[in-house]
Amino acid sequence: MSRLPSATREWLTGPGLTRLWEGVRKRLESNAVQATGSLRLTSMNAQERNDLSLLLGKPLTGAAVTVRLDVLDARLRASAAGLGLRQTLEELGPPLTDRRAARADVAARREQVWSSLASALDASPLAGQEWSRQWYDLLRRAGVPRGVAPEAAIWTLQQAVQILTTLLGPERGGALGRGELAATATGSAHGLDDGTWLARLVQRGVALAHGTEFPDDAAGRRALWRLVSVTPDEVSSTVLTYRLRPDGEGWRERALRERAEHHAEAHITPRDLHDLRLQLPAGTLIHICENPRVVEAAADAACVRPLVCTSGSAATVVFTLLDALAATGCRFTYHGDFDWPGIVLANRVIRRYDAVPWRMGTADYEHLAARSQAEGIPQLALDGQPVSADWDPDLAPAMTALGVALHEEATLDLLVADLSRQV
């Protein structure tokens, strides 16, 4: 129940005192909720002057007034309100917040995060190592990610110390799977998944301990895990290929050649790529496509040209394979979808490998658009922000003008014909 008499409450909440209470509330919240100091009100209207005159017990004639908060506090206590300034404000609105104390509390909780980390390091076998001091300094400068509460930050940092002790301490064991390590430390096999704060904390520690730069791509982060005998999941992601015939007598090379002989596609994992000797004849032309349907059609037609599929946006394993092929002197030609994401991916591949566009010109697009319309194929609207094609400045304007998106299936017969031609 309100401690203010109803008539008093009604008068205090009138429009003539609204600005006063707003200003006083801000002043108290920034002043440790103490009725000290003063508040300046300007451009007061007639009702504000009248109501404030009654409240302060003195006539006000000007458009501006300075209100001492201790005087206002005393007037309220002696009035029908019978409450001090702080109690009155809390009766009229939400509880006051001591913002100074709140800031101090936040600072103390933030400091607790780093003192807790320092204590955890001091109590671990990592204490005294130069890299662990660098790690602490680096993390403190970077701060806690936005949205992570101090309590959660303390827990995550302690987990990081525990994991780094397992990986770099004097009693380190043999090889571990990343999921196994994560489950042991966090209770979840996904606790060290790429992109999590915990994974970044541990990886930065490993990089510092080994004197290497922190990698900015997934392949580099996997290599970092291997430095401490942790094996990431290297079997669930694959790159779809067709007719790759590498030299070499290892069983992996023989398996790829065998599948090529039988016109069968092959899925290659990151684990395969560690041990696969991808030596092809110098200058071999590798066709690259975006959609798996092209590989399927090439296999059905017993095509003879080697083909690698990005399967959409191209996972890291795709670029790992293409990088390995490029290192052996292979050349590349690329085809993808005629839509804006397709142009983005085409730019990326063509830039990275100096690839030749494969039926990706303005004339190709306009021919396919006209053919699909003549065949009564429903037109797919081209949505999104236009993207300029590095290899053909006229392509984006042509696509914008027609407003039609064309996926690789619209070019399938032409692509298969190209892949069927003998080298």
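I looked up Cys 330 first in this predicted model. Its sulfur lies 16 Å from the closest cysteine sulfur, which belongs to Cys 289, and that is too far for a bond. At 9% relative accessibility, I count Cys 330 as buried.

Next I ran the search for disulfides over the whole structure, and it returned zero. I then checked Cys 289, which is in no disulfide: the nearest cysteine sulfur is that of Cys 309, 3.9 Å away. A disulfide needs the two sulfur atoms within 2.5 Å, so I did not enter this pair as one. Cys 289 has 0% relative accessibility, so I list Cys 289 as buried.

I turned to the strands. Which strand pairs with E7, and in what sense? Strand E7, residues 285-289, pairs with strand E9, residues 331-334, in the parallel sense, and I noted four bridges between them. For Ile 288 I found Tyr 334 as the bridge partner in E9.

I followed E9 to its pairing with strand E10, residues 356-357. This pairing is also parallel, over two bridges. Here Tyr 334 stands opposite Pro 357 of E10. I traced the connection as well: from E9 the chain passes through helix H16, residues 340-353, and reaches E10. I recorded the handedness of this β-α-β crossover as right-handed.

Last, I put the entries on Tyr 334 together. Tyr 334 is the bridge partner of Ile 288, and Tyr 334 also stands opposite Pro 357 in E10.

How values were computed. Residues are numbered from 1 along each chain as its sequence is written. This is a predicted model: local features need pLDDT of at least 70, side-chain atom pairs count only at pLDDT 80 or more; totals for chains, interfaces and linings use all residues. Side-chain values use heavy atoms; hydrogens and water are left out. Buried means under 20% relative accessible area, exposed over 50%, partly exposed in between (1.4 Å probe, protein chains only). Two strands pair if DSSP finds at least two bridges between them. A crossover is right-handed if, with the strands pointing away from the viewer, the path from the first strand over the helix to the second runs clockwise.
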